Amino acid sequence: MLAKILPEGVAVAEFLCDPPEARPYPQEAAAVAGAVPERRLEYATVRHCARLALTQLGLPPVAVPSGPDRAPIWPADIAGSMTHCTGYRGAALAPVTLLDSIGIDAEPHEPLPDGLLRLIARPDELPGLAALRSARPDVHWDRLTFSAKESVYKAWYPLVRRWIGFEDASLRFDPVAETFTATVHQAGESVAVGPLSVLTGRWRIVRGLLLTAVVVTGQDRRCTGDA
């Protein structure tokens, strides 16, 4: 499912449940030692997905521990992202020779709780979302906004190493092509790719899920948005 919105060459592994063979490696287990069982299962399964994706790339399965910032620590020369929600777990990995960074997110395709949209959408985004609801009422645009911004953050953070909130990005959706463009309203200087403030992504609705993905490649090494 996720592969449909990612470039060729990105390795993807995904599950709709927690398989019994999904077990955390010792280096990973400490991060969720005190968590509830559901959280431990999610954590184990997305890392199982990551290891399956590594083998697709011809690499050995290794631990993917969490760093002090809770971000996953990938093997050298690998860019990756993981996501989980009710009924879905997935990981996407690629060599850095193919892309600089990747962010994925999965959400149930259902409305956000009342009042949450105004916490995740900037005021300048609300008119566009209202128009999108009229054009394609089959899409829960509030949930899609949440998911897309999660993918933006996951792709942006490994390069810039600075936190951004929902209010720091404006999204523009194309309901026909099922793509989106994010303008990050914060300086995003990366040693690896230079200034970075505009990211593009794709989205898809499948099996009651919303899937979003953002990749940063060499062609994104520019700064065209607000700083």
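**Strand pairing, cores and pocket in a predicted model**

Arginine 161 is found in the loop between H5 and E5. The model is a predicted one. In this model, arginine 161 has a positive phi of about 60 degrees, although it is not a glycine. Most residues other than glycine have a negative phi. Arginine 161 counts as partly exposed, because its relative accessibility is 49%. Aspartate 77 also departs from the usual sign, with a positive phi of about 70 degrees. Its place is in the loop between H2 and E2. Aspartate 77 counts as exposed, because its relative accessibility is 56%. A further positive phi, near 55 degrees, is taken by arginine 207. Arginine 207 belongs to the hairpin of E9 and E10, which has two residues between the strands.

The pairing of the strands was examined next. E9 and E10 run antiparallel and are joined by six bridges. Within this pair, glycine 201 has valine 214 of E10 as its bridge partner. Isoleucine 205 is matched in E10 by leucine 210. E9 is also joined to E6, by five bridges, and these two strands run antiparallel. Here threonine 183 stands opposite valine 198 in E9. E10 in turn pairs with E4 in the antiparallel sense, over eight bridges. In that pairing, the bridge partner of alanine 106 is leucine 211 in E10.

E10 is mostly covered, with eight of its eight residues buried. Burial extends to both faces of the strand. On one side lie Leu209, Leu211, Ala213 and Val215. On the other lie Leu210, Thr212, Val214 and Val216. Leucine 211 and valine 214, the bridge partners of alanine 106 and glycine 201, thus sit on opposite sides of E10.

A separate antiparallel pairing links E1 (residues 11-15) to E3 (residues 88-95) through five bridges. E1 is mostly covered, as four of its five residues are buried. Valine 12 stands opposite alanine 92 in E3. Alanine 92 is buried, because its relative accessible area is 0%, under the 20% limit for burial. Alanine 92 and leucine 2 are 90 residues apart in sequence, yet their C-alpha atoms are 8.3 Å apart in space.

Nonpolar side chains tend to be buried together in soluble globular proteins. The largest nonpolar core of the model has 29 residues. Trp141, Phe173 and Phe180 have the most contacts inside this core. At least two residues each come from the helices H3 (117-120), H4 (126-135) and H5. The strands E5 (169-174), E6 (179-184), E9 (198-206) and E10 (209-216) each supply at least two as well. H5 gives the most to this core, with nine residues. A second, separate core has 20 residues. Met1, Val12, Ala92 and Leu209 are included in it. The opposed residues valine 12 and alanine 92 are therefore both members of this second core.

Empty space was then considered. About 920 Å³ lies in the largest pocket. Its lining has 32 residues. Those that lie nearest its centre are Arg70, Ala71, Pro72, Met82 and Lys154. Two or more lining residues come from each of helix H2 (37-56), strand E2 (78-85), strand E4 (101-108) and helix H5 (141-160). E2 gives the most, with seven residues. The lining divides into 17 nonpolar, six polar and nine charged residues. H5 thus takes part both in the pocket lining and in the largest core.

The cysteines were checked last. A disulfide is a covalent bond between the sulfur atoms of two cysteines. The count of disulfides comes to zero. Cysteine 17 forms none because its closest cysteine sulfur, in cysteine 49, is 9.7 Å away, too far for a bond. The limit for a disulfide is 2.5 Å. Cysteine 85 is likewise in no disulfide. For cysteine 85 the nearest cysteine sulfur, that of cysteine 49, is 12 Å away. The two cysteines also fall into separate accessibility classes. Cysteine 17 counts as partly exposed, because its relative accessibility is 47%. Cysteine 85 is buried, with a relative accessible area of 8%.

How values were computed:
Residues are numbered from 1 along each chain as its sequence is written. This is a predicted model: local features need pLDDT of at least 70, side-chain atom pairs count only at pLDDT 80 or more; totals for chains, interfaces and linings use all residues. Side-chain values use heavy atoms; hydrogens and water are left out. On a 1 Å grid over the protein atoms alone, a cavity is a set of points where a 1.4 Å probe fits but cannot get out, and a pocket is an open set with protein on both sides within 12 Å along at least five of seven lines; lining residues have an atom within 4 Å of a point. Grid points are joined across faces, edges and corners, and a volume is the space filled by probe spheres set on the points. Ala, Val, Leu, Ile, Met, Phe, Trp, Tyr, Cys and Pro count as nonpolar, Asp, Glu, Lys and Arg as charged, and the others, Gly among them, as polar. A nonpolar core is a set of buried Ala, Val, Leu, Ile, Met, Phe, Trp, Tyr and Cys residues joined through side-chain atoms within 4.5 Å. Buried means under 20% relative accessible area, exposed over 50%, partly exposed in between (1.4 Å probe, protein chains only). Two strands pair if DSSP finds at least two bridges between them.
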